[in-house]
Every structure is written in structure tokens, then in C-alpha cells.
Amino acid sequence: MAEPKITLAEVEHVARLARLELGPAEKERMRRELDGILSYIDKLRALDTDGVEPTSHAVPIVNVMRDDLPRPSFPREDMLANAPDPSGELFRVPRIIEE
Amino acid sequence: MSAADRYEAVIGLEVHAQLQTASKMFCGCGTRFGAAPNSQTCPVCQGMPGTLPVINRRAVEFGIRTALALSCTVNADNRFARKHYYYPDMPKNYQISQYEEPLAEHGHLAIEVSGASRQIRIQRLHLEEDVGKLLHEGNLETAQSSHVDFNRSGVPLMEIVSRPDLRSPEEASVYLRALRAILIYLQVCDGNMEEGSLRCDANVSLRLRGNRELGTKVEIKNMNSFRHVQHALEHEVHRQAQTLERGERIVQETRLWDPDRNHTVSMRSKEFAHDYRYFPEPDLPPLQVDPRWVEALRASLPELPAARRRRVMETYGLTVHEADLLTQGRGLADYFEEAARGYPRPKIVANWVLNELLRELPGDDDRAVAACPIPPRSLRGLIGLIDDGTISGKIAKDVFEKMYRSGEDPASIVRREGLTQVADTDELGTVVDRVLAEHGKVVEDWRNGKKQALGFLVGQVMKATQGKASPAVVNALLAEKLPKG
Amino acid sequence: MLTELPVHELAARFRGGQATPGEVAAAYLERIETLDPQVRAYLTVTREAALAQAERAGARFKAGRPLGPLDGVPIAVKDVLCTRAVRTTCGSRILEHFVPPYDATVVERLRAAGAVLLGKLNMDEFAMGSSTEHSAFFTTRNPWDLARVPGGSSGGAAAAVAADLAAGALGTDTGGSIRQPGAFCGVVGFKPTYGRVSRYGLVAFASSLDQIGPLAKDVEDAALLLQAVAGRDPMDSTSADVPVPDYPAGLTAGIEGLRVGIPAEYFIEGMDPEVERATQAAIEVLRNLGARTQPVSLPHTEYGLAAYYLIAPAEASSNLARYDGVKYGLRVPGARDIVEMYSRTRAAGFGAEVKRRVMLGTYALSAGYYDAYYGKAQRVRTLVSRDFQQAFDRVDLIVAPTTPNVAFKMGEKEDPLQMYLNDVLTIPVNLSGLPGLSVPSGFTQTGLPIGLQLIGRAFDEAMLLRAGYAYERATPWHERKPAFDGALPREGGRFPLPPREGEG
């Protein structure tokens, strides 16, 4: 069997980075699927890209800025309207444990 | 040799300054401190689906000006990047910051410690957006839930990172003060640590004196005032020295300063070091800063604190300490220079400003000075009244206080309250005679060599004249009338 | 029938008084009610608001002051575009009840043009997919064969236009999501140059690739819709400051002497022979219209897919980080702490394809892998762009099939990689930021639509529309409509819903 491109431990690490809870069966399936995709993507390795600049913007634009003019903010009700747990004027969240 | 002598502290400071722009870094919301929670937000700074950032040109301008004041190289090509981590005060769970191509790099700031001048190198200066505010009941460790206010989210921040060139908590404090003064002079930041517009984190490590290698560094956070910075660093240096003396190793970690218990506390050890997964911000085209813009900004820089302090010192014949205090803020320095303009003895003006004025003002910052009820010309006027003998120095202090409360000019106050100094030798002569007659015992004491007796007699004359007697004349009269011993 | 008319003919009827916006809106709403249960293009129908907007448009026509060619015209938009006070789900449970307090810029512009908004259209969740089977709610059916997919991710939009459930629609295209469903459903699908249309209010999937564009009954309609929304937007820093020409005015200029490139790499091994035949026939039509064809080479085509499946998921993993149950959207209750809340909410709110891409993207950006994956892919992207730049030194237009195959059956492409291969011919156009237009180019023997792709230089939408128009007018494809006569057995007037992924 070819060397796996991604291990279960790596899947767990990435899931943690991405804040995604995955069940054990899901993790294994994810590993298999990602493995397949990464194997396909491996064909990029064959391409020589030395000296080629990366594209981060498809169309060359630079220096887009705006003047420092304040605009009216949105009413608080609008901003809280979709909140899952609004608490007075604030958004409430469960306890935060430093990780 | 004590632990302190054996080890050398190596300190780097990371300063975040909130920029005094009218609107946020990437949207048009206002930046005013203290607005009602979640009243200064919009879909952009709240990270709603579909929203996009747009760069505030003034924030870039402020960044460039600061970079120039710190002798940094402005990177013409610079760009924003996304820095990813999950935290409820970060609406998008990534912060738009700068990573591989920051706005400026490789500058320096000169500091004076114990008479010696040192150059502290600035590694980099970049722009980013601030995060929201978390409110907990009690503290973070015990709160069962927290609340988020996004008003602050998106406010422009400038991050200035020094190289680890600082060698003591005192140096760190001086560096921070000098940096703050520059930011205030440039009017890019109000430098208020209590309100959080200026924040400071430190990286501290120790090494044996003479070693070139760096020790393990510890990050110190939550220092919310100059005092905190000094104490936290002193504590940390001490803690690390003790740890090393015991033969233990320093753990690389982040520690929070706890001002109530005067110590640093380790944040629960992280399972993984942060993987920020930086990549160039695709929603923001890169910046190509026009060198002509940079030159125009350079030409418009105000006189910076160090230069101003030097000039004030030399021009007005003040000590380093006096000049330093007077030039902490442009407002106060402007005030002093206007009050002292053309006056032959500027030291006197300096004393009035540093003692009487600073005692009354709620702070030495530009806002407080601007609100001062005594304009510089009035202070000059008051000093003039002393000079021409109209009032004594002591009475002048009373007048000063009245000027502060009422905003009136000194001459009007003196006139209205009849505070004009009495210098007439005949009038005073009579009073002196009376006092000498009433206090024969004291006169006798003086004759017998008790020097304090003179002070008492002067005091009595003052009392008899409601303080209005000219001290010079009184002294002369007493010298004349007291029996030679 | 009013609902069969393309936008440009509706506008003429309104002007001439032969029909009113109110009548047309009502006709569409009725058709949606009768037929959408079969097609399932709509996630939300904004019936009352649409009728009110139509009334107001009608009043304007009566007063002789219409706003323009889109005034009173019933349009629908893909549910990835924010609409103020109207639920915007992005096809996801994590935004199932999200109601934006603001309009996307394109929606604002449509409203300003007087368009009547019929509702929000179904899509693959967060625009990730090529079949609309990844919608968290239900799958849209291809109106030409209700057992087949309409393509994706703008499947709802393409199906709605094909089935006359909207006069026109706006979709979005990141790797082919307008063009491929356009081809599968036999309608015009247009992805403009990156930066031609504002992305403000488009819920981001891959920021450097996403573009909004029209799905339309014919090329002239596509021109009208693009005209209404194109142009610089100060709210989108990536929207280009390039003047917008008069697209409808330039349509009829013809293509005499136009230099057309045929890329060999786009006729891939294993492609449907009927698609290949239709494409060759289309090229012949172009020659007969005066085009001069020559072969061109786009040698890095085969690497485009791999590069895309690193860049798009990487940007997506970043753009989707905000869905965390804090400020809006789903929050799974009962978590002990915030990390648990994040992880459970995202696990419950995202479907399998989204999770896959978020994982892939996070991995590609993570420490130690950035250079090998994301960094490498962005360099390959430059090579793909250069291929086009070099080709456009010799030709003005590139012509190819839109997809290697036609609409497949629902459930047929279970393997994610198999699904990704649908986009192999559309992806390179997104990678280089160029405009791409898909126009119907025929049907298979079994009556399934085939699409022809036209690719142009950056900001040369006018040329693409001109060429597409010339081809369309010389062919009969745009005149055919799907029939609705019970292609599948129905249970009580509704089709059984496909089970949610992971269930049953």
C-alpha cells in the first residue's frame, strides 16, 4: 500500500484547528477521502514552479483605500437580531477556557 | 555575587497603539471610546456573511508617519494577511493583520537611562484591526459565561515590535515612555494605557552575563499602566533568576500580570502553539506606497520629543529632568514655550508650570492642557506682577489658585481683592517697630544668636499686613532696626 | 405564455402596455406554486414583497417613467446573496434562519433597476459542489430530466431559468458554478471577469475566485442582467475601476474576422462523444459566421483542478471560520464551554462536503504545509494564467466545451473526486480571473442539454456576448424548453426528499 498522505492523528489535529467535532467513523472516512484528494493533488509536485510568482489576486489592482469618514453604525437591534443568545446589549457565550 | 548580578535581563516590548482615526480600519464605524455596547458596529466589523474590508487611508498615513519618526524603512510593497484563531471577541475568527510584508521595518528609538544614551532597535511596525471586548463576571477563570461587545472590533491598531535590546525593567519603562511621547506628538494615538489605547506586552528572558545566546523567553501580558510594566518586569526578572538559581529550567509560556497579588500567573499551558495559518488577505489588494507620499509626510513631521527636549533644555537653560517633564506632551511644551517667550528668566516660568500648574491640572496630556483655564499669557502676567513688586511670591500662589478657579486674569484679581503688595518703607517701618516692641523676648533670642527668631518676626509682620508686605523690604527694615548683637 | 418570454421581450411588452409587471409576477408565482414542487429550485419565495414591487413597477410604467430595461422584471437570486430582511441560508443548516440586515450590492442594483425579486434559489451548501446535491435542504431537479441533477452550485438558478420559474437569475461561479449548471440546464450562464461585479454581500466561498453572474434565457438577457450589476463598488476593494460598456448595444456587431482559438487540452479523454460532436459543430457554425479558427495550447490545463482544490478550500476554510454560533446562525445548546460549542455547532451545521473542504483547506494552510500546498498551488495558478495570456496574443476568443459530460443522475457521483472532475474545463477560467460564457450548443439523443464555453480576455465581456449572440441567433437551441409531463412518479404531488447525508 502506498504511503498514506494523511494520518488519523493529523485528521484529529486539523479537526481541532478547524473546530469541527468528528465522530470516530467520520474521522476514518474523512481520512480516506482527504487521502484520495491529496493523492490527486500530488501531481502538482511534478511541475517546476521555481521562479514563478504566486498569484494572490487574479487581476492586478493596488492601493484601494477609503477616506477616513465616519458613517452611521447599524442599530444595535439589527446587529443582535440574529444572535443565538443575546443578553441585553451584548452577545452571550459559554465559558471560555484558555486552551 | 547576587543573582541579579549574575544574570542579564533581555527584554523586548510589543506595543499596540490604537490609532486616533475618525473611523475604523476597514469600515466606516466610529472609534469613540465608551460608547454603549454594540452601538458602534456594522455588518463589516461584526464579520457578517458577505461583508468585505476597505482600508482606511488615514490609518496607513499614521503608520507611515510613526515609521518615519522611528527611523524605520517604509516598505513600499506591503500587504495585509489573515491571522487565524478562534476567540469570541474576533468576529471572523481571523484578524486582518500584516505578516510577511509589514508596513515598516528596521528602525530605532534612542533612550536615556542613568545619563547614558542607548539605541533600541525596532524590528517592525504594522497595521491590523482590533478585536472586541469580553466582559466576564468575576474573572476569566471562574466565569460561567462571558459577554461580547464588538464596538472595539475593527478599530485600527498599530503594532510596534522592538528587538530584545532592553536590559532592565527600567529601560523598558523609559522606552515605553519615549515611544508613547512620540505617538502623542504625532497625534496618532492618545497614549492612554488605562483606557487601553496603548497596550504593552513583553518578552523576557535571562542569560548569564557575558553570554551571547538568548535564554528561554516568557511572554508577559496584562500590564495596563506604566507602573504595572515596571513591577511586572521586575517581578518576572526576579522569578526567572530564582528559578535558574534553583537549577530549574524556564518554561516557555505566557504569563499574566496580576496587579492585585503582585505576581505573574501562568496561563494554562497550551496544548499546541498557535498555528495562525497566515496567508495574504485576498479581499485587499496590496499596497504600493508612493515615495512622494512618504516624503510629503516626512516633511510634515512635527518636532519630535527628543529634539524638542534638547532644544527646550538649551534654549531655556533647564535641566534634563525639567525639560523631559515639560516635553512629555506637545500641549504642555507649547504652553510652556508660549508662556516663556521673550522672558529673561524662563526657569521661573518652568517652575510655575511644573509645580503650580501640574498640581492643578487633572493630567499632563494634550486634552487636559487644552482645557486649562489659565492661558499662557495670564501666567506670564502673574509672573510679571511679582517681578514689578505688585505682589509677593506667596500672594501670587493664592492668586494663581483663584485664576484657575475663575479664569480671570491676575491683575483683575489683585485689584479686586486688594492684594497689592505693601512696599512703602514708612508704612512697613511702623509695623516693624510695633512687632519688635510686642515681641521683646524674641528680639532678645535673636540677639543671643537664635536665627529662627528672625523668621518668626518676619512672619508676624506678614500676619499684621495680611501677607501683603514685601518680603524684601521687611527683611531690609528688620536688618536695619534689630539691635546689632 | 408570459413566463416563456425572455427579459428583453417582457420589457418591450411592458413599454407597449401589452402586459403589466403585476400580471407577469403573478404568472411566475403561480407557475412556481404548481411546478416548483417538481423542480425544487426555490428555498424561499417572497410572494407578497414581489407582488408589491410589481405593483410599484406597474405604476411607474403607467406614469411613463420606467426605471429601465429591468423594471418590473421578475428575477430570483441564488441564496448565497444577502437580501435584507429575507432569509439567506447559503444552502446550509448553519444559516437556516439567518436574516441579513443588509442587501448585497448586486441586489441593491437590481432593486434600483426596478427588478422584482421572486425569491432565493437552492444551491450546494456554501457554493461547494457541482450538482446541488449538497444543499442541506433538498436537491433541485434538472427540468430536462427530473431524475438528473441540474449541476451546481447554482443549480436552483439554472433550473429556475430553464423551467421558466424566473425570467432571469443571478448565480455565482467559483470553479464553474454558473457555467456548468447553465450547460446542464440548457440556459445561458455567464461568469464575468474577476472584479467586474461587486462581491459585497456575496457570502464568500473562495475570495480570489468568486464572481456573481447571470443565468438567462438568452444572450441578450444575460447582457441586460450584467449591465445592471456590473461596475466598481467602494464596498468591495477587489471590484475593478474599469468603465462598463453598453453590453446590449454591442451584441449585434457579428464576429467576422474574429480570431478563435481551439484548445486541444479541453477535449479530454473520456469526454462524452455527443458533447465533443456538438462542440465541433458549434465551431463550424462560428466559422460560417466569419470566425477564423486556429488551434491553441493551454498546457497547464490538467493541473488547474489540483491547484483549485487547494486554493478554494484554503480560502473557504478561512471564510467559514466565522460560523461559530456566537453572533448569528446555528448554535448547538448545552455545550460546557466555548470550544465545545464551536465544535458541535460547526459539526451539526455544516454538511459533509463543506466539512471535507474546510478540513482540506485548513490542512493546506497549516504550519509546515503552506509552501508545499497553498503556496505551490498559487504558483501553478500563475502558470495557468500565463497559458491564457500567451494564447490571447494570437486569438481574441477561446472556444471549448463547458463540461466533459452532460447532466448525470442524482446519486451517481458519490466519490468526491469524481464530482470535482465536472469542473475541469471551467476551473482554469476562474484561476486566471477571465470571463467565461456558456451558451446552449445542442442536445444529446436523450434530450439532455450541452453547453459551449466561450472564454475571453479580462474585461472583454462585450466580445463574449457579441460572439455568444451571433452563435445563438444562428442556432435553434435557445428555442427549446423542457416539458413537464410527469417524468417521475409523484407522491401526493411532491417528490420524496433525498435523505440528509449521514442519515438513513
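**View 1. A:M65 stands opposite B:I55 in this predicted model.** The residue B:I55 belongs to strand β2(B). That strand covers residues 55–56 of chain B. Its partner is β1(A), and the two run in the parallel sense. Two bridges join the pair. Strand β1 of chain A spans residues 65–66. Among the elements of chain A, β1 has the highest mean pLDDT, 98.

**View 2. Strand β3(A) meets strand β10 of chain B.** The two strands run antiparallel, and four bridges join them. Strand β10 covers residues 145–149 of chain B. Within this pairing, A:R92 stands opposite B:H147. Strands of a sheet pair through backbone hydrogen bonds, either parallel or antiparallel.

**View 3. An open sheet is built from strands of both chains.** Which order do its four strands take? The order is β2(A)-β3(A)-β10(B)-β9(B), with antiparallel pairing. Which are the edge strands? They are β2 (86–87) of chain A and β9 (133–136) of chain B. Each of these edge strands pairs on one side only.

**View 4. A:D68 forms a salt bridge with B:R58.** The closest N and O atoms of A:D68 and B:R58 are 3.6 Å apart. Between chain A and chain B the count is two salt bridges. There are also 22 residue pairs in polar contact, with both residues at pLDDT 80 or more.

**View 5. Several elements of chain A touch chain B.** Those giving two or more residues to this side are α1 (8–17), β1, α3 (76–80) and β3 (90–94) of chain A. Which element gives the largest share? That is β3(A), with five residues. By type, the residues on this side of chain A divide into 16 nonpolar, seven polar and twelve charged.

**View 6. The whole interface joins chain A and chain B.** Here 35 residues of chain A are in contact with 58 residues of chain B. The size of an interface is often given as the accessible area lost when the parts come together. For chain A and chain B the buried area is about 4,100 Å². Carbon and sulfur atoms give 56% of that area.

**View 7. Confidence is given here for chain A.** The average pLDDT of chain A is 91, and 96% of the residues score at least 70. Which element of chain A has the lowest mean pLDDT? Helix α2 (residues 24–41) does, at 93. Where pLDDT is low, the predicted coordinates should not be read in detail.

Terms used: Residues numbered from 1 in each chain as written. Chains lettered and ligands numbered in written order. Predicted model: local features only at pLDDT ≥ 70, side-chain atom pairs only at ≥ 80, totals over all residues. Heavy atoms only, no water. pLDDT = per-residue confidence, 0-100. Contact = heavy atoms within 4.5 Å. Buried area = accessible area lost by both parts, 1.4 Å probe. Salt bridge = Lys/Arg side-chain N within 4 Å of Asp/Glu carboxyl O. Polar contact = N/O pair within 3.5 Å; in protein donor to acceptor, adjacent residues only side chain to side chain. Nonpolar A, V, L, I, M, F, W, Y, C, P; charged D, E, K, R; others polar. Pairing = 2+ DSSP bridges.
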